[in-house]
Amino acid sequence: DSTTKGVLLVPMTTAQRNAISSPAANLIITNNETDGLDMYNGTRWFRTSQASGTPTFTIGSGWGTGATSSIAGTDLAGKITVTSGTGSLTPTTIGTVTFNKAFPTGSKYVVNFQIYSATCRDANINLAITNSETISSFIVDINSSSITSRLATSTTYVIGYSLTQYE
């Protein structure tokens with residue numbers, strides 16, 4: 001036991017990680033391409049965490065005059081804040097989230113969006129995302145008529161999100 005020391009994992013690229021012959025189950029490496037930890041489960045590599053990578057959010061159209069938005073968090077979890085404007089609200093999409101880190105080839109992810117608002121209680125969106133090639137970002141459109149039909153002018157909505165690798 002130590003309260004003054006830790007473990008330093010040598011960072012490596014995904015190619016270096018993949019070049020490990022016969023990796024042991026539960027082997028953990030620091031991946032300097034994804035700024036996170038990867039673990040080998042005995043069959044394949046999984047991304048277990050991410051230290052950085054900030055997504056961007058672009059508010060959808062139809063939120064009214066003077067609508068604003070912001071995003072806080074990392075590519076794995078955080079919150080989006082949208083404040084509707086005045087006038088007619090006719091959003092067809094809540095907005096677009098762009099995740100900015102490379103995700104491992106062949107991995108599958110699910111993104112969960114949860115609206116935290118009294119008028120939109122229990123409005124969940126779960127989107128499965130499959131990457132068939134290495135990409136530096138992917139875009140998720142948040143679009144749900146069950147949410148947009150319950151919006152009010154000059155109201156702040158907080159949308160929590162989390163991204164989880166499931167295969």
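User: Which strand holds T81?

Analyst: Let's place T81 in this predicted model. Residues 77-83 make up one strand, and T81 is found among them. That strand is β7.

User: Is T81 buried or exposed?

Analyst: The relative accessible area of T81 is 19%. Buried means under 20%. Because 19% falls under that cut-off, T81 counts as buried.

User: Which residues is T81 in contact with, leaving aside its neighbours within four places in sequence?

Analyst: Contact here means heavy atoms within 4.5 Å. With the neighbours within four places in sequence left aside, the partners of T81 are T68, S69, S70, T156, Y157 and V158.

User: Nice! How many helices and strands does the protein have, and in what pattern?

Analyst: The secondary structure comes to two helices and 12 strands. Following the sequence, you read the pattern β-α-β-β-β-β-β-β-β-β-β-β-α-β.

User: Where does I28 lie, and what is its bridge partner in β3?

Analyst: I28 lies in strand β2, which covers residues 28-31. β2 pairs with strand β3 (residues 36-40) in the antiparallel sense, over four bridges. Within β3, the bridge partner of I28 is M39.

User: Is I28 buried, partly exposed or exposed?

Analyst: Buried needs under 20% relative accessible area and exposed needs over 50%, with partly exposed in between. I28 has a relative accessible area of 40%. Because 40% lies between those two cut-offs, I28 is partly exposed.

User: Which residues form a nonpolar patch with I28 on the surface, and what is their accessible area together?

Analyst: I28 shares this surface patch with V7 and L9. Together, the three residues V7, L9 and I28 have an accessible area of about 270 Å².

User: Which residue in the turn between β2 and β3 has a positive phi?

Analyst: β2 and β3 form a hairpin, with four residues between them. In that turn, a positive phi of about 55 degrees belongs to D35.

User: And how does β3 pair with β4, and which residue stands opposite D38?

Analyst: β3 and strand β4 (residues 45-47) pair in the antiparallel sense over three bridges. Their hairpin has four residues between the strands, and G42 takes a positive phi near 100 degrees there. Opposite D38, in β4, stands R47.

User: Last one: what share of the protein's residues is buried, and how much area does the protein expose?

Analyst: The protein has 167 residues, and buried ones make up 37% of them. Carbon and sulfur atoms supply 52% of the exposed area, which comes to about 8900 Å².

Note on methods:
Residues numbered from 1 in each chain as written. Predicted model: local features only at pLDDT ≥ 70, side-chain atom pairs only at ≥ 80, totals over all residues. Heavy atoms only, no water. Patch = residues over 30% accessible without salt bridge, like charges linked within 9 Å, V, L, I, M, F, W, Y side chains within 5 Å. Areas by Shrake-Rupley, 256 points an atom, 1.4 Å probe, with all protein chains shown as cover. Salt bridge = Lys/Arg side-chain N within 4 Å of Asp/Glu carboxyl O. Buried < 20%, exposed > 50% of the residue type's maximum accessible area, 1.4 Å probe, protein only. Pairing = 2+ DSSP bridges.
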